[in-house]
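Please walk me through this structure. Start with one sheet and its helices, then step back to the whole chain.

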Amino acid sequence: MKQTSSSAYSIIKKKRDGLKLSQDEIDWFIKSLVSGEVADYQMSALLMAIYLNGLDHDETKYLTDAMLNSGKTLNFDDPLTVDKHSTGGIGDKTSFILAPVAMACGVKVPMIAGRGLGHTGGTIDKAESIHGLDMEISLDRFVELVKTKGAAIIGQTHEIAPADKKIYALRDVTATVESIELITASIMSKKIAEGPDSYVFDIKTGSGAFMKTLKRSRLLAKSLMETALRYDKNVMTCITDMSKPLGEKVGNSLEIIECVEILKGRGPQDLLEVCAELGAGMILLAGLAKNFTQAKKLFLQKIATGEGLKKFREIVVNQGGDPGFIEDYTKLPLAKNKFVIKSPRVGYISKMDCELIGLQVVKLGGGRTKAGEKIDHGVGIEVFRKPGDRLKIGDELATIWFNQGQEELVEDLKVEYLNKVIKMSKNRPTKKIPLIYEKKISISKKDK
C-alpha cells in the first residue's frame with residue numbers, strides 16, 4: 001500500500017473538512033480496514049465525516065468499487081438471475097415471499113441478505129428464527145443451489161464484500177445508517193458481488209424508513225439505478241410506503257409466520273400488494289413475461305396454486321431447516337407472554353411514528369443496540385390499527401409479545417404507544433398515502 005498508517009488521520013480530517021477523497025485514498029482506507037491496519041474507531045470517524053459531508057458521484061463510485069473488490073465476486077451469467085433488495089423498514093419481510101414465488105415462476109434468485117440495522121429488522125435475523133436453517137452455507141453451495149434448485153438466501157460472508165460486513169455493523173451503532181452514499185455503496189458492493197443479471201430495489205419512504213421523505217427516496221433510487229447501470233445490470237426501482245408497518249407483525253418469528261400466511265393465500269393485503277409489485281418486476285426483468293400486468297398475474301397465480309409455498313419449503317429444506325413450523329407455528333421461538341394495547345378514546349388514527357415501533361421491538365430484545373449483540377427472536381409487536389382507522393374505546397390497537405421479567409418495560413411501551421406512536425384526531429384524515437409511489441425500469445446497454 002502506498003499510504004502509511006498515519007494516513008487514516010489525514011483522510012478522516014480531509015473528509016471532516018468537506019474535501020474530496022481520491023480513489024487511492026479510499027482504496028487504501030478500505031484495504032487497511034480489512035487488513036486490520038485501520039481500527040474500527042477510525043472507520044467510525046470516517047463514516048460520521050461522510051454522513052455529515054457526503055460523497056460526490058466519483059467518491060461513491062470509488063467506495064463501491066473498493067468494497068466490492070475487498071472480496072470474491074460471483075458471475076452467474078444467466079439472464080434468469082434476479083435479486084431483490086429492500087432499504088429496510090418496519091415489518092418489511094418481503095424476501096421470504098418473493099424468493100420462493102419468483103422461483104416458482106422460473107426466476108433464479110441469489111440473495112445475500114443482511115442483519116438488522118438501527119430500528120429495522122434484518123432478513124438474516126428473521127431467517128434464524130427457523131430451527132436448523134443455515135444462513136452460512138459456503139459460496140460453492142450457494143451457487144450450486146441457485147443453479148440447480150432456483151434460489152438460495154445467505155448472510156453476508158467474509159468472502160463477499162468483507163469490508164461492507166465490517167462497515168455495516170459499525171453503521172448500525174454509530175448513527176450513520178441514513179447516508180445515501182453509504183447505503184448505495186453497501187447495497188451495490190454486495191449485490192454486484194452476487195453476480196445476478198438484474199436487480200429489483202424496494203426503496204422505502206416515510207417515518208419507518210431510513211429515507212423519511214419522498215425527495216430523499218428518489219435520490220437513493222437514482223443513485224442505485226445509476227450504479228447498477230454502470231455495471232451493465234438491468235434494474236427496477238420501486239418506492240413504497242413506510243409511514244406505517246408493512247403487514248401486521250413486527251419481530252423476527254412473527255414476521256416469518258406472516259410470510260407463511262401470505263404463501264397460504266391469507267395474510268394482510270398491503271404486504272401481498274407490495275410483494276406482487278416487486279415480484280412482477282423480477283419476473284419481467286428475467287424475461288418471463290411480456291409486460292408488467294402479465295408478470296403480476298403470474299406471480300399471484302403461483303401463490304393461489306400453492307406453488308410458492310412449496311418452493312418456500314424447498315428453500316428451507318435445501319439449507320438444512322426444519323419445515324415443521326409451516327404447519328405448526330409453535331415450533332418457532334415465540335415469546336411466552338402477550339399484552340394487548342387498547343384504545344382509551346374515540347377517534348381516528350391520523351398518523352403513526354413507524355420508526356418508534358421498530359425501536360420498541362429493539363427494546364424488547366428483538367434488535368441490537370451494539371454490534372454482535374444476541375437478539376430474542378420471539379418478541380415483537382402486532383399492529384392491528386393503522387392511519388385512517390376509526391377507533392372506539394376498548395378497540396385493540398396492538399399486541400406486545402414479551403418474555404418474563406419485561407412487565408415493567410411493557411407498561412412503559414404501552415404508554416409510549418398511546419402517546420407517541422399513534423396520533424389521533426376527531427375527524428378521518430383526508431390525505432391518503434399511496435402504498436406504492438412509483439417505479440422505474442432501466443435496461444442496461446448490453447441488453448438493448
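**A sheet and its helices**

Helix 15 (residues 354-366) lies across strand 6, strand 9 and strand 11 (396-402). Helix 15 runs at about 145 degrees to strand 9. Helix 16 (residues 407-421) packs on the sheet too, touching strand 7, strand 9 and strand 11. The direction of helix 16 makes about 155 degrees with that of strand 11. Helices (H or I, at least four residues) and strands (E, at least two) are DSSP runs, numbered from the N terminus. Angles run from 0 to 180 degrees between N-to-C directions, with axes fitted to C-alpha atoms, for helices over the stretch in contact. Contact means heavy atoms within 4.5 Å.

This is a predicted model: local features need pLDDT of at least 70, side-chain atom pairs count only at pLDDT 80 or more, and totals for chains, interfaces and linings use all residues. Residues are numbered from 1 along each chain as its sequence is written, and side-chain values use heavy atoms, leaving out hydrogens and water.

Now the sheet itself. It is open, with 4 strands in the order 6-9-11-7 and antiparallel pairing. Strands pair if DSSP finds at least two bridges between them. Strand 6 (249-250) and strand 7 (337-342) stand at the edges with a single partner strand each, so one side of each has no neighbour in the sheet. Strand 6 is joined to strand 9 (residues 380-383) by 2 bridges. V250 has I381 in strand 9 as its bridge partner.

Step back to the whole chain. The protein chain has 16 helices and 13 strands. Its C-alpha atoms fill a box of roughly 70 × 45 × 45 Å, taken along the principal axes. Of the 448 residues, 59% are buried (under 20% relative accessible area, with a 1.4 Å probe and protein chains only).

Technical notes
Buried means under 20% relative accessible area, exposed over 50%, partly exposed in between (1.4 Å probe, protein chains only).
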